[in-house]
Amino acid sequence: MITGELKNKIDSLWDIFASGGLVNPLEVIEQITYLMFIHDLDDSDNTRAKESAMLGLPYQSVFSEEIKIGERTIDGSQLKWSVFHDFPADRMYSIIQEWVFPFIKTLHSDKNSAYSKYMDDAIFKLPTPLVLSKVVDSLDEIYQMMNEIQTVDVRGDVYEYLLSKIAQSGRNGQFRTPRHIIRMMVEMMNPSSEEVICDPACGTSGFLVAAGEYLKEKRKEEIFFDKQKKDHYMNRMFHGYDMDRTMLRIGAMNMMTHGIDNPFIEYRDSLSDQNPDKDKYSLVLANPPFKGSLDAESVSGDLLKVCKTKKTELLFLALFLRMLKIGGRCACIVPDGVLFGSSKAHKDIRKEIVENQRLEAVISMPSGVFKPYAGVSTAILVFTKTEHGGTDSVWFYDMTADGFSLDDKRTPIAENDIPDIIERFKNLDKEAERKRTDKSFIVPKQEIIDNDYDLSINKYKEIEYVPVEYPPTSEIMANIREIEVEIGKEMDELEKLLNLQEK
């Protein structure tokens, strides 16, 4: 967690952008992302130069003596954050606008710069030299505070705090999945050091970051003391796709600030023929877009074979099944309609998961989980791709609290089902004796088939009605009479007091 002082400093940085007329949260985070990248490029170049000098190895700095930008050849050292941040505001502004931004767009030819491929369409939007100067000073202070705190995850936490300021939903129902829900899903899936993980609707890469953090926390020695496993973690484990370039840039930066050097984050329409992935991933973690229908012509034909529909939430389920290897697992968030929808496409995808794969769990979440972004009721599906069935029974859980109030304020509260969900999911063998009146219970496959593959918890949950005994009417009436007499006496006393004051 970051300190209150650091949060205040980030809030002040936000205010500087607002005073300069930049108020769209995505634009602000995007501009901060560019500047953090420029700052980090200087830091990482200095670190590599020092390491090479210690080992006696030659090192070619990305800020080599002369750099060609357009028709001009300039001294590369002027592009370093540590140099230009001391320049007067006007000069710094022109250097960043005319030289630094064009420079970072050309870095993709440098294989050492994983960041650069996300910067090729970067646009500098800070309006004035004064605003830039204040932003640079503020970022310098934030970096200094981060260095003083010196916890492993402080940079990631700072970026997460920035992302929490995206308080508005984007197009196509795009909004941030709450971090604690993501963490719950990752803990349930318990990823291993060999996983190949994908989120085909990655947004700000929340699921991929959480998976990376979980592995760093639970399997640190196994991964980071093994050269091959560390290389896999840094370069080949994490894959994310999105159709919003701003989100891709922010998502890539989010991963890199959490210490994942080279995530595979790419612009891709996951549901189209543009996405060839098949039998590739061992774990899919996702909260795909719910809203909107697609043009059938733009959807990959093999997805339509599984369920013929234009609904994105159903097509993404078909996509997950295609992308997973045999034995690969998926934990994804779906709107409640997926669980009980009566259309042929709804039934087809549920039947496919129950009959041909292994459906393990359905966790029903309260509608307030995604507030203030949306009030939609959702559930988490957990299944494994087998291609030959394996669903004997399904575990259902009725989540009623997630540790926060279910209104727009989402303030912390004591009630929280998440620890119970994780614990019970890891010990499903102990759930067999649970009653249908409990929060969680097991439903046999045949009962689900008999109910037309309906996966809504209300179809199977039993409500225990406790009779309430009320006193007889005569007793209630007598109590009301007594209260009336008491009120009459009090009124008399009040009247006497008022009369005395008037005299």
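Author: A crossover is called right-handed if, with the strands pointing away from the viewer, the path from the first strand over the helix to the second runs clockwise. The model discussed here is predicted.

Reader: Which unit of this structure is called right-handed, and what makes it so?

Author: Strand 4, helix 11 and strand 5 make a right-handed β-α-β unit. The name therefore states that the path from strand 4 over helix 11 to strand 5 runs clockwise when viewed in that way.

Reader: How do you know that strand 4 and strand 5 pair?

Author: Pairing requires at least two bridges. Four bridges join strand 4 to strand 5 (residues 264-267), and the two strands run parallel. Four satisfies the requirement, and therefore the strands count as paired. At one position, Tyr241 stands opposite Glu266 in strand 5.

Reader: In which sense does strand 3 pair with strand 4, and over how many bridges?

Author: Strand 3 (residues 197-199) pairs with strand 4 in the parallel sense over three bridges. Asp199 has Gly240 of strand 4 as its bridge partner.

Reader: Why is strand 4 described as largely enclosed?

Author: A residue is buried when its relative accessible area is under 20%. Five of the five residues of strand 4 (residues 238-242) are buried, so the strand is largely enclosed by the rest of the structure. Phe238, Gly240 and Asp242 point one way, while His239 and Tyr241 point the other way, and all are buried. In a regular strand the side chains alternate between the two faces of the sheet.

Reader: Is His39 buried or exposed, and how do you know?

Author: The relative accessible area of His39 is 8%, so this residue is buried. His39 lies in helix 2. Leaving aside residues up to four places away in sequence, His39 touches Trp81, Asp140 and Tyr143. In the chain as a whole, 50% of the 503 residues count as buried.

Reader: What makes a group of residues a nonpolar core, and which residues of the largest one touch the most other members?

Author: The members must be buried, must be of nonpolar kinds such as Leu, Ile, Val or Phe, and must be joined through side-chain atoms within 4.5 Å. The largest such core has 60 residues, and Leu6, Ile38, Leu79, Phe84, Phe103, Leu132 and Val135 touch the most other members. Among the elements that each supply at least two of its residues are helix 1 (4-19), helix 2 (25-55), strand 1 (66-69) and helix 11 (245-257). Helix 2 provides the largest share, ten residues. Another core, of 46 residues, lies apart from this one and includes Ile181, Met188, Phe290 and Phe370.

Reader: Which residues does Leu79 touch?

Author: Without counting residues up to four places away in sequence, Leu79 touches Phe63, Ile67, Ile69, Ile74, Phe84, Trp99, Val100 and Phe103.

Reader: What makes the pair Asp277 and Lys280 a salt bridge?

Author: The cut-off is 4 Å between a side-chain nitrogen of Lys or Arg and a carboxyl oxygen of Asp or Glu. The side chains of Asp277 and Lys280 meet at 3.7 Å, N to O, and therefore the pair qualifies. Asp277 is buried, at a relative accessible area of 5%, whereas Lys280 is partly exposed, at 33%.

Reader: What can be said of Glu431 and Arg434?

Author: Their side chains form a salt bridge at 3.8 Å, N to O. Glu431 has a relative accessible area of 1% and is buried. Arg434, at 23%, counts as partly exposed, because that value falls between the limits of 20% and 50%. Elsewhere, salt bridges with shared partners join Arg183, Glu187, Glu217 and Lys218 into one network. The structure holds 29 salt bridges.

Reader: How do you know which parts of the model to read with caution?

Author: The predictor's confidence, pLDDT, runs from 0 to 100. The chain has a mean pLDDT of 88, and 93% of its residues reach 70 or more. Among the elements, strand 6 (residues 281-286) has the highest mean, 98, and helix 6 the lowest, 78. Over residues 167-174 the value stays under 50. Where pLDDT is low, the predicted coordinates should not be read in detail.

Methods. Residues numbered from 1 in each chain as written. Predicted model: local features only at pLDDT ≥ 70, side-chain atom pairs only at ≥ 80, totals over all residues. Heavy atoms only, no water. Buried < 20%, exposed > 50% of the residue type's maximum accessible area, 1.4 Å probe, protein only. Contact = heavy atoms within 4.5 Å.
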